[in-house]
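Got the model open in your viewer? Here is a tour of what to select, stop by stop.

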Amino acid sequence: MFRSTKASPPDSAGFDVTDATALAAAIAAGQISAVDVMEASLSACHAQADLGAVAFLDEDMALAGARAADALPSDQRGPFHGVPFLVKDLGGFAKGLPAAAGSAAIRAQGLKPETDSCLLHELRQTGLIPFGVSATPPFGLSLTCEPDGMVAARNPWNPALTPGGSSGGAAAAVAGGIVAIAHATDAAGSIRVPAACCGLTGLKPSRGAVPGGPDFTNHLMGIASELVLARSVRDVETAFQAVAQPMAPVYPADRPRIALALPERCGTDQCKAAKDAADTLRDAGCEVYDICTPDEMGAEAHAIARTILAVSLAEWLIALRISDDQVPPLAAAMAAEGRATSATALFAATRQLARLTYRARKIFSSVDAVLMPVLSSAPPVIGSLDLSGGSADELMARLEAFAPNAALANVAGLPALALPFGMANGLPIGVQLMGPPGSDVGLLKLGALIEARAPELTFPSPIAGLPT
């Protein structure tokens, strides 16, 4: 059973499968085979079908990949050798697994990539075995996860609540024990929000830090980035180091300076978690300061992201020859908004992006990282942020209120690490660290300090069939 986010290595009495690193170590030590692990993941997929985490499953691909992994010589094995892996139904893609972006209309076209994206190619080299696709809301347009024409993804901690979005299926699968690590993307909080909803760890990398090719379908004018959702900082760091592209790294000073920012709209539990996390960093030797929250910049970033997402969606539907009546009503409204955006208005948005990037990066002239809550409240009930009705303005306002300042990291190209810190009312609470571009590894080191001192989480569901 998955127990704590604090990972421990396997021992002779059995193994504590806390994360993907521990699972790979157990496979390497011969305590269990890749086929055994894959069969357990497949069993968990079926046993927990009600979670709605998995949009597509290829059992033949799964078992063939696991058998190949067991046959590979030890000197050719990567750090996640033999570990099952789900690919998000949006962004990077894996050879042979369908890509539908949560849309029934795209799903009907039966699109199936013939090659891996650059990111998935690099992740596959670590030993991860892609075997299925995790659920996402249509076109990634919500911070919940209700795919068009499929069941909604549910939060393993409370199935009445959302696991967040748009990487909600990935989060539900990792928190629910279907897999130990999963692919995720983030254009306006879509890694960090589900991490916070489900008690997981996820990094939105710096702009340009991870590959987006070869066709750059998830480029979104630079606001989107991709990596993984996992149960530990070390898993995220291993994945990042495996795929990171060359750029000048930025590390915190010997005594890191941390700015604590508490948005006005954040609830008591979320603010307390951020304050407690700040205390742990202070105890670890960091200097902690209170600063004014970047709410104004966060709101501006949200508006810029909305323009880019709307124009991208409009172009996407045209390219795939999908009409407005084939997509959910609010997706159609966003596409219409995109078509109505003039070239001059889009160009103005790119200038706003550049200006906001400049202002946001100036924050780090005096501090190494900013610590803040991820969400303003607990996850909402399923259906409360779907694309079925109301107005686009209302939906966008509610998304921004739920995850204030989340889009700032995307628009400004900043790395942002979400990780759990404590519980309230039976649900995990997430905090996040933002840093200057290139400080991804530095944030992961700070995250490890928080993780080592955080209250332990015992996840609600085991991977079926694995020893405990």
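## Stop one: a loop residue

Start by selecting Ala253, which is partly exposed at a relative accessible area of 40% (buried is under 20%, exposed over 50%, partly exposed in between, with a 1.4 Å probe and protein chains only). Ala253 sits in the loop between helix 8 (233-243) and strand 7; helices (H or I, at least four residues) and strands (E, at least two) are DSSP runs numbered from the N terminus. Now add Gly91 and draw a distance: the two C-alpha atoms are 34 Å apart, with these positions 162 residues apart along the chain.

Before moving on, a word on what you're looking at. This is a predicted model with residues numbered from 1 along each chain as its sequence is written, where local features need pLDDT of at least 70, side-chain atom pairs count only at pLDDT 80 or more, and totals for chains, interfaces and linings use all residues. Side-chain values use heavy atoms, with hydrogens and water left out.

## Stop two: strand 9 and its partners

Select residues 369-373, strand 9. Five of its five residues are buried, so the strand is largely enclosed by the rest of the structure. Which strands pair with it? Strand 7 (residues 257-260) does so in the parallel sense over three bridges, and strand 11 (residues 427-434) in the antiparallel sense over four bridges; pairing here takes at least two DSSP bridges between two strands. To check the register, show Ala259 opposite Val370 in strand 9, then Pro373 opposite Val431 in strand 11.

Keep Pro373 on screen and add Gln270, from helix 9 (residues 268-283). Gln270 counts as buried because its relative accessibility is 8%. Leaving aside residues up to four places away in sequence, Gln270 touches Pro373, Leu375, Ser376, Ser377, Ala378 and Ile429, where contact means heavy atoms within 4.5 Å.

## Stop three: two helices

Next, select helix 2 (residues 34-47). Its 14 residues should span 20 Å at 1.5 Å a residue, and the end C-alpha atoms are 20 Å apart, so the two agree; the expected span is 1.5 Å times one less than the number of residues. Colour the buried residues of helix 2: Ala34, Val35, Val37, Met38, Ala40, Ser41, Leu42, Ala44 and Cys45. What do they pack against? Show helix 1 (20-28), strand 1 (54-57), helix 3 (59-71), strand 2 (84-88) and strand 3.

Then jump to helix 11 (residues 329-340), whose twelve residues reach 17 Å from first C-alpha to last, close to the expected 16 Å. Its buried residues are Leu330, Ala331, Ala332, Met334, Ala335 and Gly338, and these pack against helix 10 (295-320) and helix 13 (392-402). While you look down the axis, remember that an α-helix has 3.6 residues a turn, so residues three or four places apart point the same way.

## Stop four: the cores

Which residues touch the most other members of the largest nonpolar core? Select Phe139, Ile178 and Leu200, in a core of 68 residues. Apart from it lies another core, of 55 residues, including Leu97, Leu120, Val243 and Ala278. A nonpolar core is a set of buried Ala, Val, Leu, Ile, Met, Phe, Trp, Tyr and Cys residues joined through side-chain atoms within 4.5 Å.

## Stop five: backbone oddities

Most residues other than glycine have a negative phi, and most peptide bonds are trans. Here are some places to look for something else.

- Gly165 to Ser166: this peptide bond is cis, with omega near 0°, and Ser166 is in the loop between strand 3 (129-134) and helix 6 (168-175).
- Gly213 to Pro214: another cis bond, again with omega near 0°. Pro214 is in the loop between strand 5 (201-204) and strand 6 (225-230).
- Phe216: a positive phi of about 55° in a residue that is not a glycine. Phe216 lies in the loop between strand 5 and strand 6, and counts as partly exposed at 49% relative accessibility.
- Asn405: a positive phi of about 70°, also not a glycine. Asn405 is in the loop between helix 13 and helix 14 (406-412) and is buried, with a relative accessible area of 3%.
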